Structure formats: C-alpha cells, structure tokens
Amino acid sequence: MQNDAVAASFGKDSRRCRASSSPIILHSLYVMNLRESMQAILATESKAIAEIPYTEGYDKAVQLIVEHVAGRGGKLVTSGMGKAGQIALNIATTFSSTGIPAVNLHPSEAQHGDLGVLQPNDVMLLVSNSGRTREIIDLVELARNLYADIPLIVISGNAESPLAKLADASLVTAAAPEVCPLGLTPTTSTTMMTVIGDILVVNVMNETGFTRADYAKRHHGGYLGTKSRR
C-alpha cells in the first residue's frame with residue numbers, strides 16, 4: 001500500500017513503480033523528482049530576484065538611513081508581521097552589525113507600550129508582501145501620532161497598496177508568484193525581501209565608508225569576529 005501511494009505521486013511512472021516493490025527503484029525516482037523540483041525552484045527564485053525593479057526609491061531609502069541614523073544619531077526601526085516580521089528582524093540585526101543602530105518592533109507589542117522605542121530622527125522600515133497588513137497600517141498611524149514626520153521605507157509586493165502609498169520610499173518586489181505548490185506560503189516573496197534588505201545594507205555601508213576595522217569593533221565573537229581582526 002505504501003509503495004502504491006508513493007508511486008502515484010510520480011504520474012506516468014506510477015505503473016512502473018507498481019511493477020516492482022524494490023525500494024531502490026522508488027528511491028531513485030524520488031531523488032530524480034526532487035532534483036527537478038530543486039532546479040525549478042532555484043530557477044524561479046533566481047529569475048524573480050533578477051527582475052526586482054530599480055526605482056529612485058532605493059536612492060531615497062539609502063539617503064534617509066544615512067541622513068537620519070548616521071548623520072543625526074537616530075536609529076532604524078524595522079517591523080513586519082508573520083514571516084515578513086522575521087525578514088524585518090534579520091534586516092535590523094544586519095544593519096546593527098554594519099554601523100547602523102537598528103531595532104525590530106513587533107507591531108502588536110507596539111500597541112502595548114513598545115512604541116516608546118521610537119525617538120526623533122528615527123527611520124522606520126516596514127515589510128509587508130501584500131502592503132495591506134492591518135497591524136502594520138495601524139503601526140504607521142500610531143507612529144505618526146507620536147512623530148508626525150517620521151520617515152517610512154516600505155518593502156512590499158504591491159506599489160499601489162495602502163502601505164506603499166504612505167511610504168517616503170517604496171521598494172517593490174514585483175510580486176513574483178510563490179514557489180509553494182499552493183501559491184500561499186511565503187517563499188519567493190521572502191527571498192526577494194531579504195535581497196532588498198541586503199541591497200540597502202551594502203549601499204548604506206558604501207555611503208558611510210564602513211570598514212573592516214569598524215566591523216571588528218561590533219563583532220567580537222565567532223569565526224567572523226576572528227576573520228575581521230586579521
């Protein structure tokens with residue numbers, strides 16, 4: 001029964017699978033299918049990354065971070081909900097290790113006092129694939145009630161979304177389809193969001209002249225800490 005169930009997942013090869021109960025044959029077919037799936041996923045996500053559109057929003061985003069954080073002593077505050085929130089956290093920690101003080105603010109916790117982390121001269125970087133995440137839209141309203149002019153950088157998959165329209169700098173992923181077979185699980189979208197974060201980090205490093213010695217002062221432990229001090 002188990003062999004029949006596995007074989008059925010290979011379509012035209014299913015009858016050949018049923019003709020033999022050999023686990024070796026079944027394993028070979030499974031590996032071949034996984035390899036093809038892997039190649040298709042890599043090709044799809046690579047294409048999606050290559051097609052992320054450049055806009056002047058990138059120049060504006062880098063300018064805002066350099067001016068407000070490096071120039072005025074503010075910090076970068078990132079936020080997102082769900083999987084996008086994990087990408088926002090990763091962007092914050094990467095910026096912190098490269099000379100830009102950054103924190104991640106959970107949008108729900110912001111409504112219970114954590115909004116107090118915001119200060120004058122901060123910049124917010126908000127991540128939402130739909131650009132319609134209710135918790136993030138609420139966060140914008142709360143933040144601007146506290147500091148009306150706080151700049152907003154938004155990473156989303158929809159240039160016409162409510163969040164994108166609120167942004168001072170809108171960075172769009174081009175909304176490539178998810179590689180998830182259901183078309184639902186954040187996969188391609190989170191890859192593109194991560195890459196956009198890397199684009200911002202690297203270009204801010206270039207603008208601020210962040211050096212290997214600067215890196216070593218902030219990253220003492222582990223392999224990277226040792227490597228940066230060589």
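**Figure 1. Close-up of L125 in β3 and its partners on either side in this predicted model.** L125 stands opposite I153 in β4, and T78 stands opposite L125 in β3. The pairing of β3 with β4 is parallel and runs over five bridges, and five bridges likewise link β1 and β3 in the parallel sense. Strands of a sheet pair through backbone hydrogen bonds, in either a parallel or an antiparallel arrangement.

**Figure 2. Close-up of the side chains along β3 (123-128).** The strand is mostly covered, with six of its six residues buried. V123, L125 and V127 point one way from β3, whereas M124, L126 and S128 point the other way, and all of these residues are buried.

**Figure 3. The open sheet, whose five strands follow the order β2-β1-β3-β4-β5 with parallel pairing.** The edges are occupied by β2 (102-104) and β5 (169-172), each of which has a single partner strand, so one side of each is left without a neighbour in the sheet. On average, and with direction ignored, neighbouring strands of this sheet are turned by 20° against each other. At the β2 edge, strand β1 (residues 76-80) is joined to β2 by three bridges, the two strands running parallel; within this pairing, L76 has A102 of β2 as its bridge partner.

**Figure 4. Close-up of helices α4 and α5, each of which packs on the sheet.** Helix α4 (residues 56-71) touches β1, β3 (123-128), β4 (152-156) and β5, and the direction of this helix makes about 130° with that of β5. Helix α5 (residues 83-97) touches β1, β2, β3 and β4, and the direction of α5 makes about 160° with that of β1.

**Figure 5. The β-α-β unit formed by β3, helix α7 (residues 134-146) and β4, together with the loop that precedes the helix.** The unit made by these three elements is right-handed. T133 is found in the loop between β3 and α7, and this residue counts as buried because its relative accessibility is 19%, where the cut-off for burial is under 20%. When residues up to four places away in sequence are not counted, T133 touches M81 and S128; S128 is also one of the buried residues of β3.

**Figure 6. Close-up of the crossing between α4 and helix α9 (residues 188-208).** Two packed helices are described by the angle between their axes and by the distance between those axes. Here the axes of α4 and α9 come within 10 Å and cross at roughly 55°, and the two helices are therefore oblique to each other, with a crossing that is right-handed. On the α4 side, the residues at this meeting are Y58, A61, V62, I65, V66 and A70, and on the α9 side they are I196, I199, L200, N203, V204, E207 and T208. Helix α4 also packs on the sheet, where its contacts include β1 and β5.

**Figure 7. Overview of the chain, as a setting for the close-up views.** The secondary structure comes to 11 helices and five strands, and 38% of the 230 residues of the chain count as buried. Among contacts between residues at least 6 apart in sequence, 66% join residues at least 24 apart.

Note on methods
Residues are numbered from 1 along each chain as its sequence is written. This is a predicted model: local features need pLDDT of at least 70, side-chain atom pairs count only at pLDDT 80 or more; totals for chains, interfaces and linings use all residues. Side-chain values use heavy atoms; hydrogens and water are left out. Two strands pair if DSSP finds at least two bridges between them. Helices (H or I, at least four residues) and strands (E, at least two) are DSSP runs, numbered from the N terminus. Axes are lines fitted to C-alpha atoms, for helices over the stretch in contact, and angles run from 0 to 180 degrees between N-to-C directions. Contact means heavy atoms within 4.5 Å. Buried means under 20% relative accessible area, exposed over 50%, partly exposed in between (1.4 Å probe, protein chains only). A crossover is right-handed if, with the strands pointing away from the viewer, the path from the first strand over the helix to the second runs clockwise. Angles under 35 degrees count as roughly parallel, over 145 as roughly antiparallel, 65 to 115 as roughly perpendicular and the rest as oblique. A crossing is left-handed if the near helix is turned anticlockwise from the far one by less than a right angle, and right-handed if clockwise.
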